[in-house]
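Subject: Structure files and notes

Hello,

Here is the structure we talked about. Please open it next to this email and follow along.

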Amino acid sequence: MNNLIDIMQLSVEEIDKLIETALDIIDNPEKYAEACHGKKLATLFFEPSTRTRLSFEAAMYELGGNVLGFSAANSSSAAKGESVADTVRTVGCYADIIAMRHPKEGAPLVATRTAGVPVINAGDGGHNHPTQTLADLLTIYREKGGFENLTIGLCGDLKFGRTVHSLISAMSRYKGIKFVLISPEELKVPKYIISDVIEKNNIPYEEVTSLEENMPKLDILYMTRVQRERFFNEADYLRLKDTYVLTPDKMKLGKDSLSVLHPLPRVNEISVAVDDDPRACYFKQVLNGKYMRMALILKLLEVEV
Amino acid sequence: MIVDQIEEGIVLDHITAGNSNQIYNVLGLDKLDCTVATIQNADSVKMGKKDIIKIGKLIDIDLDIIGYIDPGVTVSIIKDGKIVERKKLALPETIKDIIKCKNPRCITSCEQELRQEFKLVDRENKIYRCIYCESQAPKHIK
Ligand SMILES: [Zn+2]
């Protein structure tokens, strides 16, 4: 069965193919307007995430398909204690493909066993969120024209930030990549990602605390939000949340060709004054996310256009 | 000390000293109706000290569990007082329902009927990860 649970399930070639499809969708939207006519996407959101759900739904509508589903666990059978396996087995009878978000890690993998239709992981707790990484990748591709020879700065919460871990894994497969890991001591990239991904692929990296000092060398700056729900201690959250704030002053230190990405939503780690800078790509990233979700739905449904 | 040869059964030799109780327990040897001898802290040329378990009956044992706890164990099958087969153990690729994922955010923490399943990701360092949440497995069963 075709599923997407973890970004690393996709080979470099498959990512290239998705990007090719997404670029063709951007250039020729009318060609795809009826590609999924008569097909239904179920968005099963056991925890709310309006932006991800809307992106999937918009993607399916633009392919001429239909959408059904729920947007919170309390409006679903999960509130009555039904297992993930049973819920998706039921939904698999109605829908052609499922996009699922769940607070528990591994829930979408469980879903693949009984759904009978393709399952897309739309985020499982702090674990994986592969379609966010697809959005990141298309943005990098469109801004840089490829994935090679890039110095990528990742800034903020690098410990709990799942999008950071997935992006590091995905980018580690290309040539000429360097990582600059910018975080407070408490929020550094976990050791196993350094050893199992970065060092294993012989990728040069540095772990630093200053954003200003490292701005000039970056081709890409991937900002992240420090998330309150990852902390047990409110005081730690308050102390760390404002460690990095990207301002127009700091942007002056960056290259002209810099691209700033952020998985959104932001709180205050990028000041609104940066939004008008042509190097700010985080709203383009949202749009790119929709195109990649369209490409992914086509791939998983094996629709040829 | 000499423990009698067995005519028919299984000998687990070269158990790291101290591991025999754990192996005894996970294999459920206390539930057998035959003789089971556990020898602890026996002298070993190779290992210094070792444990040995002798089971006086040919039973099905889960080699993967032993391989996970103590991959150096040798398993000999005895028939008519002779060794008819020696099995070498290795770390199993997957282990099911032996260890429990400790991550409170893992789907297995709220859906109890799911099997606990871990896959080997690093043979050299004996690292297993939960197939659901990828948390690292605890090194020991208890
Ligand atoms: Zn787990």
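The notes below go through one chain, its metal site, its contact with the other chain, and two details of the backbone.

Please keep in mind that this is a predicted model.

Chain B

Chain B has two helices and eight strands. In sequence order, these elements give the pattern β-α-β-β-α-β-β-β-β-β. The C-alpha trace of chain B spans about 50 × 30 × 25 Å when taken along its principal axes.

The zinc site

Which residues hold the zinc ion? The ion is coordinated by the SG atoms of Cys101(B), Cys106(B), Cys130(B) and Cys133(B), at 2.3 Å. The angles among the four donor atoms run from 101 to 116°, and the site is tetrahedral. For four tetrahedral donors, the ideal angle at a metal is 109.5 degrees. Along the chain, the donors of the zinc ion are spaced as C-x4-C-x23-C-x2-C. Cys106(B) sits in the loop between β6 (94-96) and β7 (117-122) of chain B, while Cys130(B) belongs to strand β8 (residues 127-130) of chain B, so this pair ties together parts that are 24 residues apart in sequence. To see this in the viewer, select those two cysteines and look for the zinc ion that both coordinate.

The contact between the chains

How many residues does each chain bring to the contact? Chain A brings 17 residues and chain B brings 16 residues. Together the two chains bury about 1200 Å², and 47% of this is on carbon and sulfur atoms. On the side of chain B, Arg105(B), Ile107(B) and Tyr132(B) supply 41% of the area buried against chain A, which is more than any other three residues supply.

There is one salt bridge between chain B and chain A. Its partners are Glu105(A) and Arg105(B), with the closest N and O atoms 3.0 Å apart. Nine residue pairs are in polar contact between the two chains, counting pairs with both residues at pLDDT 80 or more. Sorted by class, the side of chain B that touches chain A has eight nonpolar, six charged and two polar residues.

Over all chains, the whole structure has 25 salt bridges. The pair that crosses between chains runs from Glu105(A), in the loop between β3 (97-102) and α5 (107-114) of chain A, to Arg105(B), in the loop between β6 and β7 of chain B. Arg105(B) therefore lies in the loop that also holds the zinc donor Cys106(B).

Two backbone details

Is the peptide bond from Leu264(A) to Pro265(A) cis or trans? This bond is cis, with omega near 0°. Pro265(A) is in the loop between β9 (259-261) and α12 (282-300) of chain A.

In chain B, His14(B) is not a glycine, yet it has a positive phi of about 60°. This residue is part of strand β1 (residues 9-16) of chain B.

Regards

How values were computed: Residues numbered from 1 in each chain as written. Chains lettered and ligands numbered in written order. Predicted model: local features only at pLDDT ≥ 70, side-chain atom pairs only at ≥ 80, totals over all residues. Heavy atoms only, no water. Contact = heavy atoms within 4.5 Å. Buried area = accessible area lost by both parts, 1.4 Å probe. Salt bridge = Lys/Arg side-chain N within 4 Å of Asp/Glu carboxyl O. Polar contact = N/O pair within 3.5 Å; in protein donor to acceptor, adjacent residues only side chain to side chain. Nonpolar A, V, L, I, M, F, W, Y, C, P; charged D, E, K, R; others polar. Donors = N, O, S within 2.8 Å, 3.2 Å for Na, K, Ca; no water. Tetrahedral: all angles 85-135°; square planar, octahedral: opposite > 155°, others 65-115°. Helix = DSSP H or I, 4+ residues; strand = E, 2+ residues; numbered from the N terminus.
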